[in-house]
Amino acid sequence: MLRITLAAFHLIALGLGLGAVLRRGSTLREPLTVDSLRRAFSADALWGIAGALWLVTGVWRMAAGIEKPREYYEMNYIFIAKMVLFVVIIALEIPAVLALTKWRKALRAGSDPGVFVPVVKAKRIAVISHVQALLVVLMVFAAVTMARGYGLR
């Protein structure tokens with residue numbers, strides 16, 4: 001039952017995260033208002049929760065050998081590629097986290113979004129969000145390929 005539960009939460013996190021990062025990106029392409037920023041913050045929070053759930057369930061499944069022995073993952077070049085994609089997603093997230101955290105504080109302080117949110121930076125985070133969504137989709141292809149036995153050395 002643990003195997004099914006972890007796999008289900010792993011996939012639920014994937015769906016939630018993909019939708020959230022796409023929503024964050026799309027919202028940051030809109031005119032910047034208090035409402036649009038709140039929607040972007042909401043999507044960003046869901047993206048973070050999904051990422052944490054995805055990471056916890058994935059590490060648990062791998063480290064505990066829930067699906068396959070840990071060595072299967074360590075020796076699988078597609079799994080390694082999948083983890084590289086995950087690290088790239090995390091690296092791309094750093095500037096977004098820094099900017100969105102700063103914008104949240106400014107909004108809470110009552111500042112006007114037109115003053116504290118550079119449109120160019122919002123658009124850049126939107127592009128980064130959509131690139132991250134593409135990387136998530138590539139991770140899905142890697143996972144499906146790996147689950148069918150490909151990638152072993």
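**Around helix H6 and into the pockets**

The buried residues of H6 pack against H1, H2, H3 and H4, so that's a handy place to start walking through this predicted model. Which residues of H6 are buried? The list runs Ala122, Ile125, Ala126, Ile128, Ser129, Gln132, Ala133, Leu135, Val136, Met139, Ala142 and Met146. If you look at the numbering, there's a general point to keep in mind: an α-helix has 3.6 residues a turn, so residues three or four places apart point the same way.

As for the helix itself, H6 covers 119–147 and has 29 residues. From its first C-alpha to its last, H6 reaches 42 Å, close to the 42 Å expected at 1.5 Å a residue. After H6 comes Gly149, with a positive phi near 95°.

Now for the empty space. Rolling a probe the size of a water molecule over the atoms shows where such space is left. The largest pocket here has a volume of about 660 Å³. Its lining takes in 25 residues, and those closest to the pocket's centre are His10, Arg61, Lys82, Ala143 and Met146. Met146 has already turned up among the buried residues of H6. Which helices supply at least two residues each to this lining? They are H1 (2–27), H2 (34–63), H3 (70–74), H4 (77–108) and H6. By character, the lining splits into 18 nonpolar residues, two polar and five charged.

The second largest pocket holds about 200 Å³ of space. Here H2 and H4 each supply at least two residues of the lining, and H2 gives the most, with seven. Going along the chain, you'll find Asp44, Trp47, Gly48, Gly51, Ala52, Trp54, Leu55, Phe86, Ile89, Ile90, Glu93 and Val97 around this pocket. That lining divides into eight nonpolar residues, two polar and two charged.

One last stop is Thr5, which sits in helix H1. Is Thr5 buried, partly exposed or exposed? Its relative accessible area is 30%, so Thr5 counts as partly exposed: buried would need a value under 20%, and exposed one over 50%. Thr5 also lets you tie two stretches of the chain together, with Thr57 as its partner. The two threonines are 52 residues apart along the chain, yet 9.3 Å separates their C-alpha atoms.

How values were computed: Residues numbered from 1 in each chain as written. Predicted model: local features only at pLDDT ≥ 70, side-chain atom pairs only at ≥ 80, totals over all residues. Heavy atoms only, no water. 1 Å grid on protein atoms, 1.4 Å probe; cavity = no way out; pocket = protein on both sides within 12 Å on 5 of 7 lines; lining within 4 Å. Points joined across faces, edges and corners; volume = space filled by probe spheres on them. Helix = DSSP H or I, 4+ residues; strand = E, 2+ residues; numbered from the N terminus. Nonpolar A, V, L, I, M, F, W, Y, C, P; charged D, E, K, R; others polar. Expected span 1.5 Å × (residues − 1). Buried < 20%, exposed > 50% of the residue type's maximum accessible area, 1.4 Å probe, protein only. Contact = heavy atoms within 4.5 Å.
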